[in-house]
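Trainee: Could you walk me through one part of this model in close detail, with the cut-offs behind each term as you go? I would like one connected account.

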Amino acid sequence: MSHPEQHSGRRRPRLDRPALVALLFGLAGVVYRLVLTLFTVPVSNSDEATFGLAALHIGQGREHPVFLYGQHYMGMLESYLAAPLVALAGPSWPVLRLPMLALYAIFLYLIHRLTRRLGTPWFAAFVVGLLALGPERVVRDQLTVVGGRPEVKPAVLLMLLITVGLAAGTVHRRRLAIGLFGLLVGLAVWSDWLILPYLAVAGLALVWAVRRELLGWSGLLLVAGVVVGVAPMIVDNLRAGPGEDSLSVFREVSTKAGPQPQWSDRIRGGLLEGVPLAHGLCPVDGCGRWQQWFGVLYPVLLLAGAALAVLAYRRAAGAPRGERAGRGAGGLRGERVGPVVQLALIAGAALTLLSYVRSPLAATSPLDNARYLSVLQLSLPAVLWPLWVAALTAWRGTSSVLGRFTGALSAAVLAALTVITLVTTVLFAATGTAASRTEERQARELAAALRADGPHEVYGDYWTCNRLIFNTDESVVCGVLDGDLSPGQNRYRPYWRQVGRAERPGYVVEIDSPMDRRLRRLLADRADAAPVREVGGYRVYHPDTPVRPWR
C-alpha cells in the first residue's frame, strides 16, 4: 500500500514496491495498446464504422441514437464518448479508439485497487501484469469500438469497490455512493446485456453490505440512479412498435433455427476454446490442444475460489470479540466483505459461462463468439487466488508434504499461464499485425481513390460500405448489397436512399468475389465498356446505366 512521506511540511503518498511494479506493468500495457491504436491494429470493420458514423452524427448534432443503427439492443455509450474527439479531429480510427484506451487504463487501475483489497499487494501486481499482455483476441475486445465490453467492465469494478468501501466504513458520502452504484447499473444495462450476470451478483453484494440503509433514502437514490442510467433505453422501448422492443429483438437474434448442438459440444466450445481465447492464451485462429488446459482447469479454480471465500467468511465470523473491536469502522462486516465480493466474482464468472454455453454458437462458432467471454477478466483475481495462496504457503514452508506439492504445482500453473500469454502476445506483436496493416492500407487506398475521382454514390457488400463511408468522412455514400445483388443489411437507411436516388451509381466489389462475378454477368456485353478500375484489391465499376436487379 502507499505510505505517507514527509516532504516540505506536507505529507505525500509514496508507492510501495508492489504498487510501483503494478504501475510499470500498467504503463507498459497502455503504451503497447497505444501503438496498436495508432496503427489501427486490430483491423477495422463496418461494425466499428457504424459506431464511428454515429459518433460523427452525434458530434455534428444530427442524430442522438439510443441503440446501434439498425438494431434495438446495443447501447451507443461508446459513440457518445468518442463524439467530441471525432467532431474536433474528424473521423479516423485512432481518434475513435482513444476513449477505449482510456477505459482500458481505468480498468487496470480499478482491478488493481480491488485486488489489493481482496488479496495481497504482490498478487495485485501479478494480475495487472497478466492483464497488460494481450494477443489479438484480447486487444480486439479492449480497443475496437463495437459496443459494450470496454465500458461495462470498469463499471462493475467500481460498483464492487463502492460495496467494499460501504461495508468497511471508508465511504463518507454513503447515499451519494449508493446513487452512483445505481447509475452505473443503469448505464451498463443500456450498454450491453452480456454484463447482466455480474450486475446481479454485484447488486446482491450491495444488499448484503447495506441492506438496512436501502430501506430509506439510500434505496430511493439507488433506484433513481438505475432509472437515470437506463432512461434512454426505457424511452426508446416505449416508442418502439410491436416486436421492435429490445427484449423481442434480442430474443430473436439469440434464437437460431435448426438442430441444436449437444451440450457436450457447447461445453467443449465454451471451455476449451472460449475460456483460453478470452484470457489471451491462444492466437485468434484457435487453440491447440496444449493451450486448452486452462479451460479444463477453469471450473476447478472456480470451485476452489468459492471454497476459500467461504472459509474466509466463516473465519471472520469466528474471530474473538476483542479482535473484531480492533477492525475499525467496518467491524465484522468490513472483514467479511472481501470474501463476499470474491464469491460475487466467482458467481459472475459461472453465470456468464452458463449463459454462453446455453447458446448454440458456443458449439457452432466458438472462435467468432469467444468475444462474449471477455468479461471473465473481471473474475481473474478470484479465479487465480487459490493458486497464489497455495504457491505462497508452500514458499513459506508452512504446509505439509502434500501442501508443498500442491503449492509447487500451483506455482507451475501460474508460471505457465504467464509464459504462454507472454509468448502469444509477442508472436502477435511481431508477426500478427502485418495482415491488419495491409488490409487497412488497401481500405485507405480505395477511400482516397473514390473520394478524389468518384463515383461518390456506390453499392458494395456489408464489410465494405460503412468502413468506406467512415474513411471518406461521408463524401462517398454506400448502399449494402448481398452477394446476389439484392438489398443487404443497411444499418443507416439514409445512405441506402441516397444511393438509390443516384442516376449513375458505382459498384465496389472485391476482385473475383461472388458479387463481382454476378455483376459481370448482369453487365454482359457492357462489362468491358463500363469504366472499371482496380484499387486495393477491389474492382470499381461505373456503368452508364444503373444495375438494380431488385427493382
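Mentor: Asp512 sits in the loop between β5 (506–510) and α23 (514–523); helices here are DSSP runs of H or I with at least four residues, strands are runs of E with at least two, and both are numbered from the N terminus. This is a predicted model, in which local features need pLDDT of at least 70 and side-chain atom pairs count only at pLDDT 80 or more, while totals for chains, interfaces and linings use all residues. Residues are numbered from 1 along each chain as its sequence is written, and side-chain values use heavy atoms, with hydrogens and water left out.

The backbone is what makes Asp512 worth a stop: its phi is positive, about 65 degrees, although the residue is not a glycine. Most residues other than glycine have a negative phi. Asp512 counts as partly exposed because its relative accessibility is 48% (buried is under 20% relative accessible area, exposed over 50%, partly exposed in between, using a 1.4 Å probe and protein chains only).

Stepping back along the chain, Leu485 also has a positive phi of about 65 degrees without being a glycine. Leu485 belongs to the loop between β4 and α22 (493–501). Is Leu485 buried or exposed? At a relative accessible area of 3%, Leu485 is buried.

That loop brings us to strand β4 itself. Residues 477–480 make up β4, and both of its faces are covered: Val477 and Gly479 on one side, Cys478 and Val480 on the other, are all buried. β4 pairs with strand β3 (residues 457–460) in the parallel sense over 4 bridges, where pairing asks for at least two DSSP bridges between the strands. Within that pairing, Gly479 of β4 is the bridge partner of Tyr459. Between the two strands the chain passes through helix α21 (residues 462–471), giving a right-handed β-α-β crossover; right-handed means that, with the strands pointing away from the viewer, the path from the first strand over the helix to the second runs clockwise.

What ties the helix to the strand? Cys465 lies in helix α21 and Cys478 in strand β4, so their link joins parts that are 13 residues apart in sequence. The two cysteines form a disulfide with sulfur atoms 2.0 Å apart, the criterion being a pair of cysteine sulfur atoms within 2.5 Å. The torsion about the S-S bond of Cys465 and Cys478 is about -45 degrees, so this disulfide is left-handed. Cys465 is buried at a relative accessible area of 0%, and Cys478 is buried at 1%.

For context, the whole structure holds 2 disulfides. Cys282 and Cys287 form another one, S to S 2.0 Å, and with 105 degrees about the S-S bond that link is right-handed. In sequence order, the bonded cysteines pair as 1-2, 3-4.

To finish on the approach to β3, the peptide bond from Gly454 to Pro455 is cis, with omega near 0 degrees. Pro455 lies in the loop between α20 (434–453) and β3. Most peptide bonds are trans.
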